[in-house]
Amino acid sequence: MTTSSVAQAPSGAPETGQERHHRLRWLVLGVLALAQLMVVLDATIVNIALPHAQQSLGFDDADRQWVVTAYALAFGSLLLLGGRLSDLWGRRTTFTIGLVGFAVMSAIGGAAVNFEMLVMARAGQGVFGALLAPAALSLLTTTFTDPEERGRAFGIFGAIAGGGGALGLLLGGVLTEWVDWRWCLYVNLVIAAIALAGALAFIGRQRSEHRPRLDLPGVVTVSAALFSIVYGFSNAETNGWADWATITWLVAGAVLLGVFVRLQSRTEHALLPLRIVLDRTRGGSYLIVFIAGIGMFGIFLFLTYYLQQNLGFTPIKTGLAFLPMIGALVLTATTSTSVILPRFGPRWLMAGGMLTAAAGITLLTQLSTDSTYVANILPGLIVTGLGIGAAMAPAMQGAISGVSADDAGVASATVNTMQQVGGSVGTALLSTIASSALTGYLADHPATSQTAAMQLAQTAAVHSYTTSFAWAAIIFAIGGVLAAVVVRPGKLPATPEGAVAVHA
């Protein structure tokens, strides 16, 4: 029996494990959403706590980036391996291992007594996050097979994936200001404990009838490639694009990625079967997740700078400022996948969403030193949120549409990989653009007095932000065009190909 054909038990007959799993599917969604929220929160919540952690542990500015980079390197480079392990070990097993490991590493990070201990814990979070994130998405895929219900479930999941970063800014600000920076890590223990209890209570053990073998050459090659790419972009953010290390790591990553693709086309048990990414709808969906990752991280980064440095917002007030964007994102993410996607398919929904987000970010390019939140920031945030929600949730569903149950884990991992690598690319690319814009503006407008220099520095900073917003808008617009060209017209497949056996 498959999850797509759950029949009601005859009256008086004992309920099977699969029927119980189906009956509890909305509680399962709550568990998966909590886990996804924890992983997404961690990408931004620690950023708010960094200045306080730096003061507490006594590390310098040059080392500070490693608290963020260690997580990104481990998470981004091991996601595909984590996805395939969920296919091999079983999704619930991989999910629970990821939850427990992430919580343990969060506890170690919160109790850190020095910089090395904190960085080790952050890397550990990345390792277990690479197990947790793809397992959660593939569990969602195999739990919801009815098209209408799946649309609602993916809308909720996509809203969390898109808006969790902004929630991380708010929660990080609250915990840092009102409690202690260490609670930005300890909070994961609370979330993980609730999710773990729910997983053990509501999620049935899942195993495939045919377990794929692990492609070790593919694992080593793609992990090294993704590590090199993420590290290269992280180094570019700090040392620039012309730095020899940036060039070396990015070239090595590109070469290794080419070797990986070659291996995948020749091996029988591929880590990432090329049929997954060569399908037009799935391939286009991966592109949209990647491009949205580039733009979203830029919005959070530079708008946070503007709100705090130019408008004088506290961390808590900054987080609250993003809530309208999250509300708009949740609205379109849930309605697009439950109402529009089943009727018209993902093509124009993703294209329209990306172009709407581009329009919203374009509104933010008009910011100046005397702009206000309500008049100049809020409209752009709402429009951007509407666009991202309309594009991201259908893209996440399209990315795993039509895959066999045996490939659900690695297809889900590819979604997370695209978002993570997109975030690394976006942070490095837009930070470099902002830095160049700042330097160029100061060079073209020399100050004539100390007072003028202070005013000029503020104006130059705003110019750097709006320049980055302009590039982010262009990136989103390119994504909209690609969605219209690449994604296949028509509806998504009703259910995944293949079956997943569920055992209580």
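1. A nonpolar core is taken here as a set of buried Ala, Val, Leu, Ile, Met, Phe, Trp, Tyr and Cys residues joined through side-chain atoms within 4.5 Å. The model is a predicted one. Its largest nonpolar core holds 117 residues. Inside that core, F95 and F476 have the most contacts. Helix α11, residues 280-310, supplies the largest share, with 13 residues. Another core lies apart from it. That one has 18 residues, including V46, A49, A53 and L175.

2. What does F95 touch, once residues up to four places away in sequence are set aside? The partners are V31, L32, A35, L132, A135, A136, L139, A199 and I203. Of these, V31, L32 and A35 belong to α2 and take part in its meeting with α4, where F95 sits beside L99 and F102 on the α4 side.

3. Now the α2/α4 pair as a whole. Helix α2 covers residues 25-57 and helix α4 covers residues 91-110. Their axes come within 12 Å and cross at roughly 45°. An angle under 35 degrees would count as roughly parallel, and 65 to 115 as roughly perpendicular; α2 and α4 are therefore oblique to each other. The crossing is left-handed. On the α2 side, M38 and D42 join V31, L32 and A35 in the contact. By class, the residues of this contact are 7 nonpolar, no polar and 1 charged.

4. R122 deserves a look. This residue is placed in helix α5, residues 115-143. Is R122 buried or exposed? Its relative accessible area is 2%. Buried means under 20%, so R122 is buried. Neighbours within four places in sequence aside, R122 is in contact with D42, V46, V67, V68, A70, Y71 and L185. Two of these also appear above: D42 in the contact of α2 with α4, and V46 in the core of 18 residues.

5. A second helix pair is α14 (residues 347-364) with α15 (residues 373-399). How far apart are their axes? The separation is 7 Å, at a packing angle of about 160°. Angles over 145 degrees count as roughly antiparallel, and α14 and α15 are therefore roughly antiparallel to each other. This crossing, too, is left-handed.

6. The α14/α15 contact in detail. From α14 come L349, M350, G353, M354, T356, A357, A359, G360, I361, L363 and L364. From α15 come N376, I377, P379, G380, V383, T384, G387, I388, A390, A391, P394 and A395. The division is 16 nonpolar, 7 polar and no charged residues.

Methods
Residues numbered from 1 in each chain as written. Predicted model: local features only at pLDDT ≥ 70, side-chain atom pairs only at ≥ 80, totals over all residues. Heavy atoms only, no water. Axes fitted to C-alpha atoms, helices over the stretch in contact; angles between N-to-C directions. Helix = DSSP H or I, 4+ residues; strand = E, 2+ residues; numbered from the N terminus. Left-handed = near helix turned anticlockwise from the far one by under 90°. Contact = heavy atoms within 4.5 Å. Nonpolar A, V, L, I, M, F, W, Y, C, P; charged D, E, K, R; others polar. Buried < 20%, exposed > 50% of the residue type's maximum accessible area, 1.4 Å probe, protein only.
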